[in-house]
Amino acid sequence: MVDYLGLSQDVRLKAAAIEAIETFGLHLPSSGPLMGNTEMAYDLERSIARLFGRQDAFLLPTGWAAGFGAVSGVVRPGDHVLMDELSHQCLQQGAYASTPNVSTFRHLDNNHLESQLAGLRAKDPSAAILVITEGLFSMDGDTPNLCEVVALARRYGAQTLVDIAHDFGCTGPSGTGTLGTQGVMNDIDIVVGSFSKSFGTNGGFISSRTLSMQWAQLCFAGPYTFTTCISPVQVAAAAAALRIVTSSEGDVLRATLRERVAHARSAAASRELTVIGAPSPIVPV
């Protein structure tokens, strides 16, 4: 079970979920574009957008749907996708469903990323290129140098997508994860997040740096357009969790988590086990 901050059992999230059931019922059987969302959902979208300094965001029923939709919503058959080789399956499947022009770079190897970008740009000077990576990788527990990724993408006229499923809420200032820690929140073109790791509920979101890209995803991201929208119960729980995560209480929860991570890593090392990755909720032994 992944519950980095222990919020799945928080009485405030349970109360918010019960209130949502009493107000809206268990289910709203329509997609987002067909008025399936509630004003509560729009409020949560605006809160997420403000947290990351964006104009807008939109919700999806799962983090997997958000990752797949973020890629498939903007990538067309003639475009190129260049992704870290350990990118999550939702991102990989979104890429392969959208274009045959998918390639990878070695995990966290920005030198290899640059050589791949240079090769793609020399081969196809005017094509769109989307560079994909993650804020915190869920298997190796490590993070990319996003400042370098952004600089390389700009140098070669590419766009960037970062999936922050595993660091959103549990690391970084106000829970903004690696984006906040490295100071690149305003530089990443597409941010994908999930509520299932630190927010005690299911669901995800996509937030793009420009409204034109955001509207492209709203129109063409299949997991948003052609499926039932996120449930009121999920929205209410995520909204309650976001209020906690971004408050001073969230700072305390993250500090407690860091202490527990340090204890787990040192306990493993004391037993002559090798622990890899950076200190984070992911502790690969």
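1. A disulfide is a pair of cysteine sulfur atoms within 2.5 Å. By that criterion, a search of the whole structure, which is a predicted model, returns zero disulfides.

2. Two cysteines illustrate this result. The cysteine sulfur closest to that of Cys-170 belongs to Cys-90 and lies 17 Å away, which is too far for a bond. For Cys-229 the closest cysteine sulfur is in Cys-219, at 17 Å, and again the distance is too far for a bond. Cys-170 is buried, with a relative accessible area of 2%; Cys-229 also counts as buried, at 10% relative accessibility.

3. As to the overall form, the chain contains eleven helices and seven strands. A compact globule of 285 residues would have a radius of gyration near 19 Å, and the chain agrees with this, having 19 Å. The C-alpha trace spans about 55 × 55 × 25 Å along its principal axes.

4. Of the 285 residues in the chain, 54% are buried. The accessible surface comes to about 12,400 Å², and carbon and sulfur atoms contribute 56% of it. Among contacts with a separation of 6 or more, 69% join residues that are 24 or more positions apart.

5. The aromatic residues deserve a separate point, for the structure holds eight aromatic pairs. In one of them, the ring centres of Phe-58 and Tyr-224 are 4.8 Å apart and the planes stand at 65°, so the pair is edge-to-face. Phe-58 belongs to strand β1 (residues 58–60) and Tyr-224 to helix α9 (residues 222–225); the pair therefore ties together parts that are 166 residues apart in sequence. Phe-58 and Tyr-224 are both buried.

6. Trp-64 and Phe-68 form a stacked aromatic pair, with 5.5 Å from centre to centre and 15° between the planes. These residues are four positions apart in helix α3 (residues 63–72), so about one helical turn separates Trp-64 from Phe-68. Trp-64 is partly exposed, its relative accessible area being 38%.

7. Two further aromatic features may be noted. Phe-52, Phe-168, Phe-195, Phe-199 and Phe-205 make up one aromatic cluster. In addition, the ring of Phe-220 has the charged end of Arg-76 sitting over it, 4.6 Å from the ring centre.

Notes:
Residues numbered from 1 in each chain as written. Predicted model: local features only at pLDDT ≥ 70, side-chain atom pairs only at ≥ 80, totals over all residues. Heavy atoms only, no water. Phe/Tyr/Trp six-rings, centres within 6.5 Å; stacked < 30°, edge-to-face > 60°. Helix = DSSP H or I, 4+ residues; strand = E, 2+ residues; numbered from the N terminus. Buried < 20%, exposed > 50% of the residue type's maximum accessible area, 1.4 Å probe, protein only. Lys NZ or Arg CZ within 6 Å of the ring centre and 35° of its normal. Rg over C-alpha atoms; globule rule 2.2 N^0.38 Å. Contact = heavy atoms within 4.5 Å. Areas by Shrake-Rupley, 256 points an atom, 1.4 Å probe, with all protein chains shown as cover.
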